[in-house]
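Colleague: I should be grateful for some guidance on reading this structure.

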Amino acid sequence: MLIMKKTILIFLFAITVAGYGNAQTKTDSKMKLLIHVTTGPENPTKAALAFLVARTAMEEGHTVSLFLAGDAVQLIRDNVLDNLAGLGTGKLREHFDALVKGGAKFYLSGNSSKARGVTDTDIKGKPVEFALPNVLVHLLVDSDRSLTY
């Protein structure tokens, strides 16, 4: 009985290691990622985390698009970009600037922006465009993976 338990444990360990190896192989290929952000300035750690993960993915060579909706549209305002910092997740402005420099695409929900007073003035000079829900759906369908924060 003891030998059978050890054999089962070894088998389970081997499956786990083999699965981990496959996961590593899959992430070696470049992917199109969609980061859907709905968390706004009310949760600075989570908001900055979304941008940090997007930045990390982009720096690893993946194509990244961010779609900001709900309260997250406020993250594009300069006063928020300049002052928001997450606990252990960094400064929003640094992540945003790195994403812009790396060619990440930004979309803002037009409906969420209108409801929160985010206007053309807030996005002037930024590679950001207002978009409707159909754009989010197209981005999602076209992406290899998506994350929501």
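The dialogue below takes up confidence, one residue and the nonpolar cores.

Colleague: How should confidence be read here, and what is the mean pLDDT of the chain?

Modeller: This is a predicted model, in which local features need pLDDT of at least 70, side-chain atom pairs count only at pLDDT 80 or more, and totals for chains, interfaces and linings use all residues. Residues are numbered from 1 along each chain as its sequence is written, and side-chain values use heavy atoms, leaving out hydrogens and water. pLDDT is the predictor's confidence in each residue, from 0 to 100. The chain has a mean of 88, with 81% of its residues at 70 or more. Over residues 4-26, pLDDT stays under 50. Where pLDDT is low, the predicted coordinates should not be read in detail.

Colleague: Is Ala57 buried or exposed?

Modeller: Buried means under 20% relative accessible area, exposed over 50%, and partly exposed in between (1.4 Å probe, protein chains only). Ala57 counts as buried because its relative accessibility is 9%. Ala57 belongs to helix H2, residues 44-59; helices (H or I, at least four residues) and strands (E, at least two) are DSSP runs, numbered from the N terminus.

Colleague: Which residues have the most contacts inside the largest nonpolar core?

Modeller: In soluble globular proteins, nonpolar side chains tend to be buried together. A nonpolar core is a set of buried Ala, Val, Leu, Ile, Met, Phe, Trp, Tyr and Cys residues joined through side-chain atoms within 4.5 Å. The largest has 31 residues, and Phe51, Leu66, Leu68, Leu75 and Phe106 have the most contacts inside it; contact means heavy atoms within 4.5 Å. H2 gives the most to this core, with 7 residues.
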